[in-house]
Amino acid sequence: MSYMQHMTIKPILIHPDPRLKKVADAVPDLSDDLRTLADDMLETMYDAPGIGLAAPQIGVLKRLIVLDCVRDEDEPHNPLIMFNPEIIQSSDELNVYEEGCLSIPDQFAEVTRPKEVRVQWLDRDGNLQERDFDGLWATCVQHEIDHLDGKLFIDYLKPLKRQMITRKMQKLKRELARS
């Protein structure tokens, strides 16, 4: 992938951080800076390693997500860059996946979401795209779009479990600040 040459791995915000709870702004038009940011986000996501990353997770309040749910080492990467992604249709059928988040390291919980979604977005060249997603891809794209709306996967959990995870993250942040 030639366009992935001079990329920068960005620090990922750890919950609780007020920027993770803010609604991201729409991208009015694509610039080279935004394309570079998208490339940096892919590099950051692969390095983490993760399968999705939203711009607010690196402190940029723009409606931009990247994802790649190919987990098999033998399969080629299938990165998706989405500017202004929007779910335009959801199935009534639900699916439960154990979700994690790069902003909530080493914490996982089952979250129920629509099994299939249709998403519309602008690609890195500014072309309008629309695609149906199911399985892990559907879960991932919904999870990342939630970040753009200031919502975390733990917001779907019961208050006690959410508070427990938040306390663990506060402790982790204190430990990281000391090291």
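**Group meeting: core, charges and backbone of a predicted model**

Glutamate 73 is exposed, because its relative accessible area is 77% and the cut-off for exposed is over 50%. Please keep in mind throughout that this is a predicted model. Glutamate 73 sits in the loop between strand 2, residues 64-67, and strand 3, residues 80-90. Asp72, Glu73, Asp74 and Glu75 form a negative surface patch.

For a second position, take threonine 36, which is in helix 1. Threonine 36 has a relative accessibility of 40%, so it counts as partly exposed. How far apart are threonine 36 and glutamate 73, in sequence and in space? In sequence they are 37 residues apart, and in space the distance is 25 Å from C-alpha to C-alpha.

Now the inside. In soluble globular proteins, nonpolar side chains tend to be buried together. In this model the largest nonpolar core has 18 residues. The members that touch the most other members are Ile65, Leu67, Leu80, Met82, Val119, Phe133 and Val141. Which elements each supply at least two residues of this core? They are strand 2, strand 3, strand 6 at residues 116-122, and helix 2 at residues 135-148. Helix 2 gives the largest share of the core, with 7 residues.

Next, the charges. There are 11 salt bridges in the structure. I will go through three.

The first on my list pairs the side chains of aspartate 40 and lysine 10, at 3.8 Å from N to O. Aspartate 40 is in helix 1, residues 32-47, while lysine 10 is in the segment before helix 1, so this pair ties together parts that are 30 residues apart in sequence. Is each partner buried or partly exposed? Aspartate 40 counts as buried, at 5% relative accessibility. Lysine 10, at 28%, counts as partly exposed.

Next on the list is the salt bridge between the side chains of arginine 63 and aspartate 149, at 3.0 Å from N to O. This pair links distant parts of the chain, 86 residues apart. Arginine 63 belongs to the loop between strand 1, residues 52-54, and strand 2. Aspartate 149 belongs to the loop between helix 2 and helix 3, the latter being residues 159-178. Arginine 63 counts as buried, with a relative accessibility of 14%. Aspartate 149 has a relative accessible area of 39%, so it is partly exposed.

The last on the list joins the side chains of arginine 113 and aspartate 146, at 2.9 Å from N to O. Why does this pair tie together parts that are 33 residues apart in sequence? Because arginine 113 lies in strand 5, residues 104-114, and aspartate 146 lies in helix 2. Arginine 113 is at 3% relative accessibility and counts as buried. Aspartate 146 is buried as well, with a relative accessible area of 12%; the cut-off for buried is under 20%. There is also a network here: salt bridges that share partners join Glu99, Arg113 and Asp146. Helix 2 has now come up twice, as the source of 7 core residues and as the place of aspartate 146.

Last topic, the backbone. Most residues other than glycine have a negative phi, and most peptide bonds are trans. With that in mind, here are some positions to look up in the structure.

Which residues does a cis peptide bond with omega of about -5° join? They are histidine 15 and proline 16. Proline 16 is found in the segment before helix 1, and lysine 10 from the salt bridge list is also in that segment. Another cis peptide bond runs from alanine 48 to proline 49, with omega near -10°. Proline 49 is in the loop between helix 1 and strand 1.

Then the phi angles. Asparagine 84 is not a glycine, yet its phi is positive, at about 50°. Asparagine 84 is in strand 3, one of the strands that supply at least two residues of the core. Aspartate 106 is not a glycine either, and its phi is positive at about 60°. The place of aspartate 106 is in strand 5, the strand that also holds arginine 113. Aspartate 106 has a relative accessible area of 68%, so it is exposed, while arginine 113 counts as buried.

Conventions:
Residues are numbered from 1 along each chain as its sequence is written. This is a predicted model: local features need pLDDT of at least 70, side-chain atom pairs count only at pLDDT 80 or more; totals for chains, interfaces and linings use all residues. Side-chain values use heavy atoms; hydrogens and water are left out. Patches are made of residues with over 30% relative accessible area and no salt bridge: like charges are joined within 9 Å, nonpolar side chains (Val, Leu, Ile, Met, Phe, Trp, Tyr) within 5 Å. Accessible areas come from the Shrake-Rupley method with a 1.4 Å probe; for residues, only the protein chains shown count as cover. A salt bridge is a side-chain nitrogen of Lys or Arg within 4 Å of a carboxyl oxygen of Asp or Glu. Lys and Arg count as positive and Asp and Glu as negative; His and the chain ends are not counted. The place of a charge is taken as NZ of Lys, CZ of Arg, CG of Asp or CD of Glu. Helices (H or I, at least four residues) and strands (E, at least two) are DSSP runs, numbered from the N terminus. Buried means under 20% relative accessible area, exposed over 50%, partly exposed in between (1.4 Å probe, protein chains only). A nonpolar core is a set of buried Ala, Val, Leu, Ile, Met, Phe, Trp, Tyr and Cys residues joined through side-chain atoms within 4.5 Å.
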